[in-house]
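Take a look at the model below. Start with the overall fold, then move to single residues.

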Amino acid sequence: MSTLTLPPVPPHPKDDAIQLYKAFKGFGCDDSVVINVLAHRDATQRAYIQHEFRTMYSEDLLKRLTKELSGKLETAVLLWMHDPAGRDAIILKQSLTVTKVLEAATEVICSRTSSQLQQLRQVYHTKFGVFLEHDIERHTSGDHKKILLAYVTTPRHEGPEVNREIAENDAKALYKAGEKKLGTDEKTFVQIFSERSAAHLAAVNFSYQHKHGHSLEKAVKKETSGLFAFALKTIILCSENPAKYFAKILRKAMKGLGTNDETLIRVIITRTEIDLQYIKAEYLKKYKKTLHDAVHSETSGHYRAFLLSLIGPNH
């Protein structure tokens, strides 16, 4: 469920474009106008605004925003302006080839559905002229590379149907490949985790827990490490409860000294129009603090105002 609050009667995209142009005019940019407009428009409306802005002022709105905004607010607003697949493509390109912070690419790939990934692959190729698989191949290694490539290229069923018998057999196979033997047969983990639907993996986890007294996530922690373990944990946790998974990622970004703004921006912006409402509920349940308050105490200025506008009311 989205946390986006839209005006009861949305203004015409033309009027929004005019407002933005006025905010850019003169000395310095009126950031609060930019936030008030863009943080309260959905993906379709944002695309229309970009179109109107180009028509009226023969200028690309994204380029103009880059000129007018700065710092973390600029990063957040520019990411927000894209549609979901385009945004994911940008995050992946950045993560795989520029910052080399591979957790971001792993989180995005392993938390998306099969159909989202198919669309993302097309957009990635159109945008950057290179196949996503090619960049994964070049910039990752070992079992981590194997799970990412398999997860990106394997079509998975997205319905709720589960075959209990197959789920139990998968749980058995994973036990045999991991905790039962000395060393780990990573191939079995890659195969099952990349080929099975989310509903099926949740059933495998249930069966595993029932038989061995602890979750598949615990087994993954014990048997694997590094980015490979992170990929498997992301897949298993998102098969059960993506909102809980992202609440955890947000908490980690804000815990301790300093804030990981890159993670904060990525998660809030990519989940606002999907399930941020559920993430807020999970966050409050687990950490006894609203996400709104947590973000408020970790951020400041217009950057804070923008993120809080997306998060919505404090409850």
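What follows goes from the whole chain to local detail.

This is a predicted model. Its secondary structure is helical: 20 helices and zero strands. The radius of gyration is 21 Å, close to the 20 Å that the globule rule gives for 315 residues, so the protein is as compact as a globular protein of that length. Along the principal axes, the C-alpha trace spans about 70 × 45 × 40 Å.

The chain is divided into three parts. Domain 1 covers 13-69, domain 2 covers 85-240 and domain 3 covers 243-311. Between domain 1 and domain 2, the C-alpha centres lie 38 Å apart.

Next, packing. Of the 315 residues, 51% are buried. Take the contacts with a sequence separation of 6 or more: 69% of them join residues 24 or more positions apart. The accessible surface comes to about 15,200 Å². Carbon and sulfur atoms hold 53% of that surface.

Helix H17 gives a local view of burial. This helix runs over residues 261-271 and is mostly covered, with 10 of its 11 residues buried. The buried set includes aliphatic names such as Leu264, Ile265, Val267, Ile268 and Ile269. Charged names are also among them: Asp261, Arg266 and Arg271. Thr263 and Thr270 are buried as well. At the start of H17, asparagine 260 makes a polar contact. One of its side-chain oxygens reaches to within 3.3 Å of the backbone nitrogen of glutamate 262.

Now the cysteines. How many disulfides does the structure hold? The count is zero. Consider cysteine 238. Its closest cysteine sulfur is in cysteine 110, 8.5 Å away, which is too far for a bond. The cut-off for a disulfide is 2.5 Å between sulfur atoms. Cysteine 238 is itself buried, at a relative accessible area of 11%.

Two loop residues deserve a check of their backbone angles. Serine 58 has phi near 45 degrees, a positive value in a residue other than glycine. Where does serine 58 sit? Its place is the loop between helix H3 (43-57) and helix H4 (61-68). Is serine 58 buried or exposed? With a relative accessible area of 67%, serine 58 is exposed.

Lysine 288 is the other case. Its phi is near 55 degrees, again positive in a residue other than glycine. Lysine 288 lies in the loop between helix H18 (276-287) and helix H19 (291-298). At 68% relative accessibility, lysine 288 counts as exposed.

Terms used. Residues numbered from 1 in each chain as written. Predicted model: local features only at pLDDT ≥ 70, side-chain atom pairs only at ≥ 80, totals over all residues. Heavy atoms only, no water. Domains from an automatic or database assignment. Buried < 20%, exposed > 50% of the residue type's maximum accessible area, 1.4 Å probe, protein only. Helix = DSSP H or I, 4+ residues; strand = E, 2+ residues; numbered from the N terminus. Rg over C-alpha atoms; globule rule 2.2 N^0.38 Å. Contact = heavy atoms within 4.5 Å. Areas by Shrake-Rupley, 256 points an atom, 1.4 Å probe, with all protein chains shown as cover. Polar contact = N/O pair within 3.5 Å; in protein donor to acceptor, adjacent residues only side chain to side chain.
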